[in-house]
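Q: Please take a close look at one part of this protein and explain, in connected prose, how that part is placed and what surrounds it. Please explain each technical term where it first appears.

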Amino acid sequence: MKALQYRTIGSHPEVVDVPRPTAGPGQVLLKVTAAGVCHSDEFVMSVPEDQYVFGDLPLTLGHEGAGIVAETGAGVTHVSVGDDVAVYGPWGCGRCLNCSAGRENYCTRAAAEGILPPGLGAPGAMAEYMLIDDARHLVPLHGLDPVKNVSLTDAGLTPYHAIKTSLPKLGAGTTAVVIGTGGLGHVAIQLLRVLSGAVVVALDVNEEKLELARQVGAHHALLSDDAAVAGIRDLTEGLGAEAVFDFVGRPETVTTAAAAAAVEGDVSIVGIGGGTLPVGFGAIAYDVAVRTPYWGSRSELIEVFELARRGQVEVEVETYSLDDAPKAYERLAAGKVRGRAVIVPGG
């Protein structure tokens, strides 16, 4: 079968032929219908050899996946051949306290047991077939279009998880800031409009990206530059935002996030751009909570899919065949992807 793999440190991803896997006991084999392209993949491929912790190479990419159950291993009872499902990506041990509550994104045993997410260590979804380690990592799509909704498994779930934590602070008359309006950010804007009473302010680096932010519901859209914090302060009568969600995470954006936060506000650094934030008395506004959320729980993914089913959240997608998948990464690296790029193996 064909697969898109990262094969050697520092290389570009390649489409190659690999053996089709077979479902062993407790496992499920999917015929992949869609796989999302994410900046996290770029991050994996940028890590130098002495810091690489994402399992053995070659690595089949793709941590946003959906497919049709093609084969089940012995002992699998919760899914059947022909089921249309999406993959819950943050795999854990299944036994620790967090995993038992469905929060495998915060598994306390994964590192010790060498458990890695698909596409971020385990073979991922950018292939014609994908092996799932356990049926609990599959969520029914129940009629949702896999191509349009596969990216909700990360680009929807991750902002949803971050936003839910801050919802008590986001009633009517408050302000929420979204930094970065790409794959995750443009979904975060929609989620904030659905879930909160906040005025949503979007920041990004050019007018094209800000136009997408306006189209999906941002009340205000500002260039992410040296004037951004002053613009946010002007919109909030000098008070700042009750919650700031940074989906870029670069040094300059986390600095903006901290400066834009109101007293008792939240700063959630979601992006993996390498930025860090000094926290201490006088460094940021009083009683600001700084968080670094990671992905989300299985139950939260089910909730995100329900919002999509109601038409309350939608991912802007551009599609590519598996053969053209390297082009999607080229466009992503150049900042040209509008929303999310999705690979369709059968397309």
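A: His-39 is partly exposed, because its relative accessible area is 43% and this class lies between buried, under 20%, and exposed, over 50% (1.4 Å probe, protein chains only). The model is predicted, so local features need a pLDDT of at least 70 and side-chain atom pairs count only at 80 or more, while totals for chains, interfaces and linings use all residues. Residues are numbered from 1 along each chain as its sequence is written, and side-chain values use heavy atoms, without hydrogens and water.

His-39 belongs to helix H1; helices (H or I, at least four residues) and strands (E, at least two) are DSSP runs numbered from the N terminus. Once the neighbours within four places in sequence are left aside, His-39 is in contact with Leu-332 and Arg-340, where contact means heavy atoms within 4.5 Å. His-39 and Ala-333 are 294 residues apart along the chain, yet their C-alpha atoms are separated by 8.2 Å.

Beyond helix H1 (39–46), the loop that leads to strand S4 (59–60) holds Pro-58. The peptide bond that joins Leu-57 to this Pro-58 is cis, and its omega is near 0 degrees.

Further along the chain there is a sheet. Strands of a sheet pair through backbone hydrogen bonds, either parallel or antiparallel. Here, six strands in the order S11-S10-S9-S12-S13-S14 form an open sheet with parallel pairing; two strands pair if DSSP finds at least two bridges between them. Strand S11 (220–223) and strand S14 (289–291) are its edges, each pairing on one side only. On average, neighbouring strands of this sheet are turned by 15 degrees against each other, direction ignored; such angles run from 0 to 180 degrees between N-to-C directions, and the axes are lines fitted to C-alpha atoms, for helices over the stretch in contact. At one edge, S10 and S11 pair in the parallel sense over four bridges, and Val-201 has His-220 of S11 as its bridge partner.

Helices accompany these strands. Helix H6 (residues 185–195) lies across S9, S10 and S12, and runs at about 165 degrees to S9. In helix H9 (residues 251–260), the buried residues are Thr-253, Val-254, Thr-256, Ala-257, Ala-258 and Ala-260. The cover over these buried residues of H9 includes four strands of the sheet, namely S9 (175–179), S10 (199–204), S12 (241–246) and S13 (261–269), together with helix H8 (228–235).

Two residues in loops beside S14 deserve attention for their backbone angles. Asp-287 sits in the loop between S13 and S14, and its phi is near 60 degrees, a positive value in a residue other than glycine. Trp-295 sits in the loop between S14 and helix H10 (298–309), and its phi is near 50 degrees, again positive in a residue other than glycine. Which of the two is buried and which is exposed? The relative accessibility of Asp-287 is 59%, so this residue counts as exposed. Trp-295 has a relative accessibility of 4%, and therefore counts as buried.
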